[in-house]
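Reader: I would like a close look at a single part of this model, namely one pair of helices that cross, and then an account of what surrounds that part. Please take me through it step by step.

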Amino acid sequence: MGNTKKGLNTICTHVGEIVDEQFKGAISPLYMSSSYAFEDVDVKRYPRYFNTPNQEGLAKKIAALEHAESALIFGSGMAAVSTSLMAFLHAGDHIVLQQTLYGGTYNLVTEEFDKYGISYSFTEGWKPEDFEAKIQGNTKVIYIETPSNPLLTITDLDAIGKITKRHGIVSMIDNTFASPVNQNPIDFGIDVVIHSATKYMGGHSDICAGAVAASEEHMEQIFQLAKNFGGSLSDYTVWLLERSIKTMGLRVKAQNANAQRMAEYLYNNEDIEAVYYPGLPSHPEHELAKSQMRGFGGMLSFELKETYDAKQFRKSLQLIKSSMSLAGVESTLISPADTSHALMSAEVRAEQGIKDGLIRFSVGIEESEDLIADIEQALQKVRRQVVTTTE
């Protein structure tokens with residue numbers, strides 16, 4: 001089935017599906033075998049080689065969603081990140097990474113790269129000139145994240161694509177926060193697109209997976225390392241992920257609308273000190289986000305007034321869950337300083353503008369009126385606590 005001319009929800013639903021020749025079922029059958037025929041077959045299938053029927057089918061769907069030639073599915077987002085980076089970096093090489101970055105990726109680089117003789121530089125900011133300034137003669141990769149985790153900064157995809165092409169560098173992006181529904185970096189010249197498929201692709205907080213999409217040439221290089229690292233995903237989870245992606249377009253668009261409503265509510269709330277969301281005109285890169293995103297996503301961050309107890313606020317919520325991950329159909333929020341960026345030192349978090357009281361809000365598909373009511377009652381409790389303390 002051709003995919004480039006199909007609509008988003010059609011791709012989500014149909015591309016890469018496996019036809020049930022025997023029973024004519026409406027969905028892809030699940031092939032659980034970890035052992036396939038070796039003699040007289042065109043493809044020698046093995047789960048660690050990423051080529052079981054369900055793995056291949058899902059990879060085609062993700063490639064189509066990201067406007068890529070090829071894709072691979074991994075056991076986690078970090079398996080996808082680490083394998084992609086190490087496929088293009090060797091001893092003596094250098095990488096430039098965006099300053100505002102997911103804590104797990106930051107920790108991978110700072111804890112592991114020195115062991116392999118790979119040098120790295122973090123940018124001072126996320127403007128094109130910040131990246132250009134860090135390029136060295138041995139730079140092989142530029143790695144970005146937009147919108148970033150957790151401050152929702154926006155990086156110019158087109159500019160990064162042009163910089164890397166001019167210098168002969170491979171460009172990589174963590175596209176998790178946007179999802180393929182809102183942003184396709186390959187259209188702007190980015191080479192390798194990485195996802196924690198645990199998030200919007202899975203969408204129900206019950207799957208752990210990663211994905212990478214790129215050209216056939218780049219994916220072949222990633223595959224050669226991936227089969228040795230062994231970060232493949234079990235076929236049952238692959239099948240569940242394929243099922244989940246069928247509704248991704250509908251889910252993410254609902255989350256976009258909800259997040260916009262919640263960002264506007266929080267921005268106009270006197271109990272809130274700051275709101276970070278690219279859909280707000282007050283966001284410094286709002287116009288840039290409009291130029292490269294079809295929707296602004298379901299993620300936002302905010303800070304309460306300094307006198308408010310952020311931990312007490314989180315504990316006072318009744319509908320919105322305080323939960324580690326993000327992007328599920330249920331709304332959740334966490335403190336990045338305690339979870340996603342806990343591996344960073346307090347000094348590094350401060351450099352990136354991540355305050356201890358910052359709250360990252362993953363907006364679900366509930367009615368926004370119910371979410372607002374929940375936040376209001378929690379704010380009322382912490383407001384009373386401040387009054388009681390000062391009396």
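Author: Helix α2 passes helix α9 in a left-handed crossing, and since this is a predicted model, everything said here about that crossing is computed from predicted coordinates. The two elements in question are α2, residues 53–65, and α9, residues 235–245, whose axes come within 9 Å and cross at roughly 35°. On the α2 side the residues that take part are N54, Q55, L58, K61, I62 and L65, and they meet D235, V238, W239, L241, E242 and I245 of α9. Sorted by character, the residues of this contact divide into seven nonpolar, two polar and three charged.

Turning to α9 by itself, this helix is largely enclosed by the rest of the structure, because eight of its 11 residues are buried. The buried ones are D235, T237, V238, L240, L241, E242, S244 and I245, and what covers them includes α2, as well as α1 (8–14), β1 and α10 (248–267).

The strand in that list, β1, spans residues 70–74 and holds S70. With a relative accessible area of 17%, S70 falls under the 20% limit and is therefore buried. Once its neighbours within four places in sequence are set aside, S70 is in contact with A63 and also with V212, A213, A214, S215, E216 and M219.

From here the view can be widened to the largest nonpolar core, which has 33 residues, and in which F74, L85, F113, Y143, M172, V192 and I222 touch the most other members. The element that gives the most to this core is helix α3, residues 77–88, with seven residues. Among the core residues just named, F113 is in contact with L85, M86, L89, I95, L108, I118 and Y120, leaving aside its neighbours within four places in sequence.

Helix α3 itself is mostly covered, with 11 of its 12 residues buried; these are G77, A79, A80, V81, S82, T83, S84, L85, M86, A87 and F88. As to its length, α3 reaches 17 Å from its first C-alpha to its last, which is close to the 16 Å expected for its 12 residues at 1.5 Å a residue.

How values were computed:
Residues numbered from 1 in each chain as written. Predicted model: local features only at pLDDT ≥ 70, side-chain atom pairs only at ≥ 80, totals over all residues. Heavy atoms only, no water. Helix = DSSP H or I, 4+ residues; strand = E, 2+ residues; numbered from the N terminus. Buried < 20%, exposed > 50% of the residue type's maximum accessible area, 1.4 Å probe, protein only. Contact = heavy atoms within 4.5 Å. Core = buried A, V, L, I, M, F, W, Y, C linked by side-chain atoms within 4.5 Å. Expected span 1.5 Å × (residues − 1). Axes fitted to C-alpha atoms, helices over the stretch in contact; angles between N-to-C directions. Left-handed = near helix turned anticlockwise from the far one by under 90°. Nonpolar A, V, L, I, M, F, W, Y, C, P; charged D, E, K, R; others polar.
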